[in-house]
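User: I'd like to learn how to read a few features off a protein model. Could we go through them one by one?

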Amino acid sequence: MEKVIKDYLHKHGYGSWEPRAALFDMDGVLYDSMANHAKAWHDSMASYGIPMSVEEAYAFEGMRGFETIKIVAGRYWGREITDEESVEMYRVKSEHYAACPTAPMIPGVHRLQETMHELGLRIGVVTGSGQHSLLERILHDFAGLVSPDIMVTALNIKRGKPAPDPYLRGMEKAGTEPWQTIVVENAPLGVRAAVAAGCLTVAVNTGPLPDNVLADEGADIVVHTMDGVNEMLPALVCRDV
């Protein structure tokens, strides 16, 4: 783990590692919800005559829904999608998602946050979602762990992932610098955003993509379970490197 931290510091040109906060993505990180999202994207776009495959939905994971619609629909229809059209189409997608079974919590993530809390890290959430029901669920399921004042959603940023803006905003809310921030992600676009923001990025591969896709986006660590992150956490949070 010492080598991981030193490589991270060298990559970004930082002089020290002083972890104080952890920022989590939501879908595929807090909740095993990506299968629901993929189906909702496929079904809702089909209602507009747009053939969006389940696999394509995974490729856009992490991006704000409004932006995903502008890319997918714009490419298919051959024109720029208006903000009003995007909002309405996202509403339809959200209705399809709401009809899906409730997504379970990712195994081990609650315990991981408990360990982080015990180690003195503040915990926030940075998500491309803007669905109020999901955001409210986070505050219920992770009460006492996730800080309500460190929540960044699609509703309060102008540029979503893969731009670094969401994680820059998350650090602003957490009161930390990049070398004081751990990001837990699962999606290539989310990893790209976290790396661009300068954070130490842990990719937990909870989806169907090969590990190298996440590593190629710059993830400092790639693992397959939250328990794996939990096991390495004491060494990762070491402030003496």
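User: Let's start with empty space inside. How much space lies in the second largest cavity?

Analyst: The general idea goes like this: rolling a probe the size of a water molecule over the atoms shows where empty space is left. This is a predicted model, by the way. Here, about 40 Å³ of space lies in the second largest cavity. Its lining includes Tyr 58, Glu 61, Asn 186 and Leu 209. By class, that lining splits into five nonpolar residues, three polar and one charged.

User: And the largest cavity: how many residues line it, and which lie nearest its centre?

Analyst: The largest cavity has 19 lining residues, and Asp 27, His 37, Trp 41, Gly 62 and Met 63 are the ones nearest its centre. The space in there comes to about 220 Å³. Sorted by class, the lining holds six nonpolar, eight polar and five charged residues.

User: Which helix gives the most to that lining?

Analyst: That's α2, with three residues. Helices α2, α4 and α5 each supply at least two.

User: Now aromatics. How many aromatic pairs does the structure hold?

Analyst: First the idea: a pair of aromatic rings is described by the distance of the centres and the angle of the planes. This structure holds five such pairs. Take Tyr 31 and Phe 142: their rings sit edge-to-face, 6.1 Å centre to centre with 65 degrees between the planes. Tyr 31 is in the loop between β1 and α2, while Phe 142 is in the loop between α7 and β3, so the pair ties together parts that are 111 residues apart in sequence.

User: Are those two buried or exposed?

Analyst: Tyr 31 counts as buried at 1% relative accessibility, and Phe 142 counts as buried at 0%. Elsewhere, Tyr 8, Tyr 14, Trp 17 and Trp 179 make up one aromatic cluster.

User: Last one, salt bridges. How many are there?

Analyst: A search of the whole structure turns up 20. For one within a helix, look at Asp 7 and Lys 3, whose side chains meet at 2.7 Å, N to O. They're four residues apart in helix α1, so about one helical turn separates them.

User: What about Arg 75 and Glu 56?

Analyst: Their closest N and O atoms are 2.3 Å apart. That pair links distant parts of the chain, with Arg 75 in helix α4 and Glu 56 in helix α3, 19 residues apart. Arg 75 counts as exposed at 54% relative accessibility, whereas Glu 56 counts as buried at 19%, the cut-off for buried being under 20%.

Methods. Residues numbered from 1 in each chain as written. Predicted model: local features only at pLDDT ≥ 70, side-chain atom pairs only at ≥ 80, totals over all residues. Heavy atoms only, no water. Phe/Tyr/Trp six-rings, centres within 6.5 Å; stacked < 30°, edge-to-face > 60°. Buried < 20%, exposed > 50% of the residue type's maximum accessible area, 1.4 Å probe, protein only. 1 Å grid on protein atoms, 1.4 Å probe; cavity = no way out; pocket = protein on both sides within 12 Å on 5 of 7 lines; lining within 4 Å. Points joined across faces, edges and corners; volume = space filled by probe spheres on them. Nonpolar A, V, L, I, M, F, W, Y, C, P; charged D, E, K, R; others polar. Salt bridge = Lys/Arg side-chain N within 4 Å of Asp/Glu carboxyl O.
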